[in-house]
Amino acid sequence: MEGSLQKMSPVSAVIKEEIAASSGGPNIPLSPQEKRVIKLFPGATLADWEDWRWQIRNRIRTLDQITKLMKLTSHEERGVKGAGDKLTMSIPPYFAALIDEDDPGCPIRLQSVPLDYEFETTPDEMLDPCGEDKNSAVHGLVHRYPDRVLFLVNEMCAMYCRYCTRSRMVGDGNHTLNTSTYDAALNYIRAHQEIRDVLISGGDPLTLGDRMLEYLISSVKAIPHVEFVRIGTRIPVTLPQRITPELMAMFKKYSPLWMSVHFNHAKEVTPRVKHACNMIADAGIPMGSQTVLLRGVNDSPEIMKKLFHELLKIRVRPYYIYQCDPIVGSRHFRTTVETGINIIQNLRGHTTGYAVPTYVIDGPGGGGKIPISPDYVVSKENGRYTLRNFAGDLYTYVDPTY
């Protein structure tokens with residue numbers, strides 16, 4: 001660290017950095033952008049930067065802070081001033097350092113800095129577009145599909161994505177559910193033997209401490225009929241410092257676990273993120289990415305292909321592309337469905353199948369995930385199929401007869 005950024009003794013700084021190194025920090029030097037952001041916090045050290053709790057405590061949340069990092073557009077300034085009435089702004093210093101201060105169209109900036117377009121609504125938009133509240137068996141537990149449930153264990157994230165489908169829940173970003181809520185959800189799962197799959201999500205469950213996470217994971221894993229446990233999180237992307245050796249050691253105790261992560265742009269795949277995802281994969285946890293299709297962020301085949309190739313290199317399987325949910329104030333983010341179909345059409349056959357996720361629309365009002373794909377079946381008659389391949393050529397397939 002540069003001496004000008006420190007207001008503690010050199011010995012104290014060295015001790016803090018040694019602590020970070022001993023806890024498995026990646027020992028990645030600060031980038032110029034990170035040095036620019038850390039200057040907002042006098043006395044901060046590299047050890048602080050690698051401490052996920054420090055990152056949480058020092059999230060960028062005010063107009064004064066964000067204007068020290070970039071010159072806001074008029075749309076951004078109005079958005080930041082009004083965000084508290086809809087979805088608070090909250091950006092970890094690490095993720096803020098990825099923002100291009102000179103480009104209002106920066107994909108990180110668009111996802112994290114509020115715009116006044118969020119206050120415009122259209123008739124098709126909803127507070128709860130996925131119908132989670134009406135499918136909530138008990139508070140914090142959504143039971144929509146026959147054999148699986150969504151266990152929402154908190155109402156806080158490290159960074160509030162501006163298109164968040166659960167903005168009605170996360171509120172000011174400081175809520176945590178209590179143990180009585182957890183007990184009611186766990187009792188429901190125990191009482192319903194058809195439930196074999198539990199997705200632990202939020203908010204973001206990885207904003208909880210290791211002990212609380214272990215309590216939740218161990219409680220779910222102890223239910224005999226639960227076969228499959230997943231963790232839904234964006235933390236490896238927005239706050240990779242949270243992925244520690246201690247957390248991974250705890251996760252290993254409850255193998256098998258799976259993780260659904262949320263990447264939207266190749267710019268998010270940084271050295272720290274690569275380090276975090278390697279730790280997760282090395283702990284034996286398969287990862288699948290759920291990408292949201294966002295206008296101006298990733299709405300082209302080239303951008304998506306680049307992202308998916310980068311994800312495969314860090315052992316993350318592209319799993320879903322979600323059509324952006326019609327959450328209130330999301331029109332500026334949403335693309336046409338044809339845009340998503342075109343992306344899939346330009347991936348299938350043009351890159352490895354591992355890099356081709358399923359494009360889905362979460363049926364507005366609670367219909368669940370509905371897969372959308374290009375029309376590869378040209379005609380079907382008496383068991384005879386005319387098919388179109390990725391290059392546009394036609395082929396015939398005939399069903400067997402018995």
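Which element gives the largest share of the lining of the largest pocket?

## Model and confidence

This is a predicted model, in which local features need pLDDT of at least 70 and side-chain atom pairs count only at pLDDT 80 or more, while totals for chains, interfaces and linings use all residues. Residues are numbered from 1 along each chain as its sequence is written, and side-chain values use heavy atoms, with hydrogens and water left out.

The protein chain has a mean pLDDT (the predictor's confidence in each residue, from 0 to 100) of 90, and 92% of its residues reach 70 or more. Over residues 1–24, however, the pLDDT is below 50, and this stretch has 37 contacts (heavy atoms within 4.5 Å) in the model beyond near neighbours in sequence. Where pLDDT is low, the predicted coordinates should not be read in detail.

## The largest pocket

A pocket is an open set of points on a 1 Å grid over the protein atoms alone, where a 1.4 Å probe fits and protein lies on both sides within 12 Å along at least five of seven lines; its lining residues have an atom within 4 Å of a point. The largest pocket has a volume (the space filled by probe spheres set on the points) of about 1000 Å³.

Its lining is made up of 42 residues, and those nearest the centre are Thr-165, Arg-166, Ser-201, Gln-290 and Tyr-322. Among the elements that give two or more residues to this lining are strand E9 (287–293) and strand E10 (316–323), where strands are DSSP runs (E) of at least two residues and helices are runs (H or I) of at least four. The largest share, four residues, comes from E10.

## Two positive phi angles

Arg-315, in the loop between helix H15 (301–313) and E10, has a positive phi of about 70 degrees although it is not a glycine. Arg-315 is partly exposed, with a relative accessible area of 42%, on a scale where buried means under 20%, exposed over 50% and partly exposed in between (1.4 Å probe, protein chains only).

Asn-382, which is not a glycine either, has a positive phi of about 55 degrees and lies in the loop between strand E13 (377–381) and strand E14 (384–388). With a relative accessible area of 77%, Asn-382 is exposed.

## A cis bond and the cysteines

Ser-255 and Pro-256 are joined by a cis peptide bond, with omega about 5 degrees.

A search of the whole structure finds zero disulfides, a disulfide being a pair of cysteine sulfur atoms within 2.5 Å. For Cys-164, the nearest cysteine sulfur, that of Cys-157, is 6.0 Å away.
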